Protein chains: 2
Amino acid sequence: MVNRSPFEEEVLSRIRPGREERAHIREVAESLVGAVNRSGKARGMVVGSVARDTWISGDRDLDIFMLFDPSLPREVLEADGLALGRAVAKEFGSSYREKYAEHPYINAQIDGLDVDLVPCYAVTSATTIQSAVDRTPFHTRYIQCRLADLTDDILLLKQFTKCGGVYGSDQMTAGFSGYLCELLVLNYGGFLPLLEAASGWRPGTVIDLEDHRTRDFPEPLVVVDPVDPGRNVAASLSLTRMYEFVELARGYLNHPLPAFFLPPAGIPFGRDDLVNELRLRGTMLYAIEFATPPYIEDIVVPQLRKSLDAIRGLLERHGFVVNRTDCCMLPDTCTLLYELLVDEVPPVVRHPGPPLWAAENAQKFFMKYRSAESQVFCGPFIDEGSYYVEISRKFLAAGDLLASDEILGVALGKHVKGALASSFGLKSGEECWRSELSGFLAGFFRKSSPLLRIQKDV
Amino acid sequence: MVNRSPFEEEVLSRIRPGREERAHIREVAESLVGAVNRSGKARGMVVGSVARDTWISGDRDLDIFMLFDPSLPREVLEADGLALGRAVAKEFGSSYREKYAEHPYINAQIDGLDVDLVPCYAVTSATTIQSAVDRTPFHTRYIQCRLADLTDDILLLKQFTKCGGVYGSDQMTAGFSGYLCELLVLNYGGFLPLLEAASGWRPGTVIDLEDHRTRDFPEPLVVVDPVDPGRNVAASLSLTRMYEFVELARGYLNHPLPAFFLPPAGIPFGRDDLVNELRLRGTMLYAIEFATPPYIEDIVVPQLRKSLDAIRGLLERHGFVVNRTDCCMLPDTCTLLYELLVDEVPPVVRHPGPPLWAAENAQKFFMKYRSAESQVFCGPFIDEGSYYVEISRKFLAAGDLLASDEILGVALGKHVKGALASSFGLKSGEECWRSELSGFLAGFFRKSSPLLRIQKDV
């Protein structure tokens with residue numbers, strides 16, 4: 001067995017579910033599986049960390065899959081799946097609601113647990129799945145029969161990545177999923193061996209437990225799915241999150257501290273903190289705010305990022321220099337945040353024309369600006385074979401540009417564009433502060449690597 | 001014969017040297033050649049436009065080459081060449097001075113003419129030259145026996161390129177040399193056929209009269225030297241000047257105006273004009289001024305350009321946004337001119353560190369900025385696998401940067417660096433105006449293509 005440090009043992013005693021918690025979750029899970037099976041419509045199966053015994057004490061998530069005949073049409077699966085989920089939830093007397101990921105499922109509160117009742121196809125191989133969720137039972141079976149005495153290592157790794165801010169494969173985090181944590185521990189044989197190995201990870205590191213990879217993957221970390229040789233389990237891990245984990249691994253091996261296993265201390269960040277930061281930094285802050293589109297986070301977040309970049313491009317094309325940007329999705333409102341180094345620009349702007357070897361276009365450009373003499377500062381003139389002219393800018397202040405319709409003309413995500421077109425608010429400077437955004441703004445202005453944050457928390 | 005328009009004939013009657021002017025130059029030229037020959041040291045030869053009958057009435061330049069035995073050592077050629085040049089100048093009772101291009105020669109004022117007495121080697125082939133000037137006699141012989149009745153076309157082209165601002169192969173102009181003009185007219189068979197052809201020139205156009213090119217050339221226009229297959233006569237023509245000529249050609253063919261053959265009207269540009277331009281444009285102007293290094297223009301000008309770009313890079317690395325730059329070389333002072341869109345920047349600056357896979361450097365970067373906490377706005381944080389930190393800028397105002405020693409640390413030309421290191425002046429805004437710079441500043445702020453200028457002059 002592994003020789004753990006006393007404080008790792010202390011952490012484990014804190015995060016390992018106790019006998020009672022374990023018995024309670026198992027009991028609820030088994031009753032739910034029983035209820036699904038009794039319906040005769042589908043076979044029930046416990047998946048996720050409860051099935052693998054790798055949940056952190058206090059986690060309330062329980063995933064019950066309902067495996068249907070794969071010959072059912074998709075619409076029937078969805079209708080029957082929801083109906084069965086509702087029936088089971090009602091049988092347990094719980095409140096429930098429908099939710100949507102790749103397809104719909106039932107979320108219910110049962111005996112203090114947050115239960116997902118998810119319909120899927122009972123396919124015979126993970127490579128013949130009809131929907132991403134069909135793969136999950138295979139993951140559970142693969143891990144269940146291999147994890148053996150590595151469950152404590154999984155618990156440590158999950159707590160370590162959660163407290164380091166790199167746990168979660170959702171679009172906003174782009175970090176490590178639970179299954180990825182399990183595979184990594186399995187591959188390296190434990191928590192500490194994984195950290196040792198991760199310290200030396202380079203972009204393009206490939207881990208292939210079954211040695212069955214069938215293609216190349218473009219992502220910085222590749223962990224080939226043991227149940228599907230064409231899938232990278234780490235596909236949604238960003239380069240940033242990967243190296244934040246590497247930094248944490250090095251930092252922990254170098255100097256293991258309890259803080260690596262403690263949730264981050266929240267940073268208070270009031271309106272006066274924002275005023276002070278902007279005064280010291282000398283920058284200008286703009287927030288574009290709009291109603292959160294009625295779609296799940298994994299659909300909205302990539303659109304927020306795309307919109308954030310597109311509007312950044314717009315600002316820069318108009319001469320406004322951007323330092324940093326970030327976006328935030330709250331239940332009711334979304335925020336696109338821009339910190340500008342240059343907020344105002346002079347009237348003159350260089351406007352490029354065609355090269356003179358494109359004779360017809362060049363002639364048109366020349367005639368256009370020759371006759372618009374009054375609006376031209378200078379030119380047309382020739383530089384490196386192309387025409388240029390210096391004309392008046394449309395927007396001298398970034399705020400005027402951001403408040404204009406121009407932002408609807410750039411490559412926004414579809415739902416973000418819809419929301420912005422209906423209405424948006426533009427705030428600047430200290431107006432950007434709201435109590436709901438205080439954590440987001442703290443993260444923006446006190447941005448730090450996870451190791452730095454942990455060292456400061458000590 | 002060509003069917004010329006009446007006003008081309010009128011231009012020719014104005015620029016074609018008259019009988020008396022012709023007789024006078026010929027007489028002086030022949031006496032000088034006689035004097036060289038009588039010395040017994042070298043053979044005299046008239047070269048340049050006088051030899052080819054292609055000088056514009058009023059030009060006072062006369063080039064006499066003194067062809068020495070090619071077996072003489074270079075030092076002997078230089079010493080004997082200067083001695084013979086001095087002796088000839090004295091014989092004609094004229095004032096003279098030594099000048100230096102690739103090697104020394106004598107410049108003398110004789111009978112109202114500006115005479116260069118240039119020693120060279122009398123080599124047997126233009127491909128076995130020992131110095132660039134040795135090639136000139138071959139050019140003269142090549143043109144002399146081919147030009148026949150194209151001299152009027154040459155005169156028109158020279159006047160056209162001079163008045164269009166694209167004549168001269170010096171480094172500052174980077175335009176068309178006299179020899180290049182002659183070859184172009186020869187190749188296309190006249191002034192108008194050349195303009196027709198030039199209208200369709202694309203970058204990479206190759207003209208090879210003797211069809212003997214031995215290599216590829218990188219320049220936008222290639223005119224292979226008929227006396228040297230490895231040389232591009234248009235090597236010093238810039239892409240800008242090439243397409244200014246193309247624009248003039250198209251403009252003239254489209255609408256021939258007398259103004260194409262008239263020298264540009266000077267634009268008066270006083271201090272109040274500068275004040276007004278800067279107010280309208282809203283930009284900031286800086287001029288770095290220093291003593292002109294004691295070298296010929298063709299050595300200094302490329303260094304000015306290199307320095308101009310290097311300091312522009314420095315400004316941009318420090319966050320100051322440059323709109324346009326230019327440089328000017330006067331006999332006593334040189335000027336590097338910068339027009340800035342952004343003159344002041346806020347304190348915060350993003351400073352990139354190493355990627356985390358360079359573990360040792362990454363660790364050093366982290367430790368350095370972790371311990372310099374008080375001077376750090378934010379970070380170290382990780383973005384796309386690399387460390388970044390936000391720190392205080394050294395220069396918040398472009399003027400402070402330009403007045404600092406930082407400008408000596410960039411890639412300046414050697415002699416410019418020497419001059420700047422000894423002393424330089426920094427002027428800003430309207431202080432940049434001086435009467436000697438009025439033409440240069442007019443060209444900068446009223447920058448226009450040659451065709452636009454000609455249309456405005458009408």
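This report walks through the salt bridges of a two-chain model and the way its chains meet.

**The two copies**

Keep in mind that the model is predicted. Let's start with how chain A and chain B sit relative to each other. A turn of 180° with a shift of 0.0 Å along the axis lays chain A on chain B, and the RMSD of that fit is 0.1 Å. That is how a two-fold axis relates its copies. If you want to find the axis in the viewer, go to A:Val342: its C-alpha is 3.8 Å from the rotation axis, and no residue of chain A comes closer. Both copies use the same surface, since 100% of the contact residues of chain A recur in chain B.

**Where the chains meet**

Next, the interface itself. On the chain A side, 50 residues are in contact, and they face 50 residues of chain B. Interface size is often quoted as the accessible area that is lost when the parts come together. Here, about 4,500 Å² is buried between chain A and chain B, with carbon and sulfur atoms giving 59% of that area. Three residues stand out on the chain A side: A:Arg281, A:Trp357 and A:Ile382 supply 14% of the area that chain A buries against chain B, more than any other three residues.

As for polar links, 20 residue pairs are in polar contact between chain A and chain B, counting pairs with both residues at pLDDT 80 or more. On the side of chain A that touches chain B, strand 13 (residues 376-383) gives the most, with seven residues. That side of chain A breaks down into 25 nonpolar, nine polar and 16 charged residues.

Four salt bridges run between chain A and chain B. A:Arg281 turns up again here, as its side chain meets that of B:Glu390 in a salt bridge, at 2.7 Å from N to O. The pair doesn't stand alone, either: A:Arg281 and B:Glu390 belong to a salt-bridge network with A:Arg324 and A:Glu339.

**Salt bridges within the chains**

Over all chains, the structure holds 52 salt bridges. Here are some pairs worth clicking on, including the one from the interface.

| Pair | N to O distance |
|---|---|
| A:Arg241 and A:Glu244 | 2.8 Å |
| B:Asp53 and B:Arg22 | 3.3 Å |
| B:Glu91 and B:Arg38 | 2.7 Å |
| A:Arg281 and B:Glu390 | 2.7 Å |

The pair A:Arg241 and A:Glu244 sits within one element, helix 9 (residues 239-254) of chain A, where the two are three residues apart, or about one turn of the helix. Are these two buried or exposed? A:Arg241 is buried, at a relative accessible area of 19%, and A:Glu244 is buried too, at 9%.

Over in chain B, B:Asp53 forms a salt bridge with B:Arg22. B:Asp53 is in the loop between helix 3 (48-52) and strand 2 (61-68), while B:Arg22 is in helix 2 (residues 19-39), so this pair ties together parts of chain B that are 31 residues apart in sequence. Both partners are partly exposed: B:Asp53 has a relative accessibility of 25% and B:Arg22 has 23%.

Helix 2 of chain B comes up once more with the salt bridge between B:Glu91 and B:Arg38. This one links distant parts of the chain, with B:Glu91 in helix 4 (residues 74-91) and B:Arg38 in helix 2, 53 residues apart. B:Arg38 is exposed, at 60% relative accessibility.

Definitions and conventions:
Residues numbered from 1 in each chain as written. Chains lettered and ligands numbered in written order. Predicted model: local features only at pLDDT ≥ 70, side-chain atom pairs only at ≥ 80, totals over all residues. Heavy atoms only, no water. Helix = DSSP H or I, 4+ residues; strand = E, 2+ residues; numbered from the N terminus. Buried < 20%, exposed > 50% of the residue type's maximum accessible area, 1.4 Å probe, protein only. Contact = heavy atoms within 4.5 Å. Buried area = accessible area lost by both parts, 1.4 Å probe. Polar contact = N/O pair within 3.5 Å; in protein donor to acceptor, adjacent residues only side chain to side chain. Nonpolar A, V, L, I, M, F, W, Y, C, P; charged D, E, K, R; others polar. Least-squares fit on C-alpha atoms with pLDDT ≥ 70 in both.
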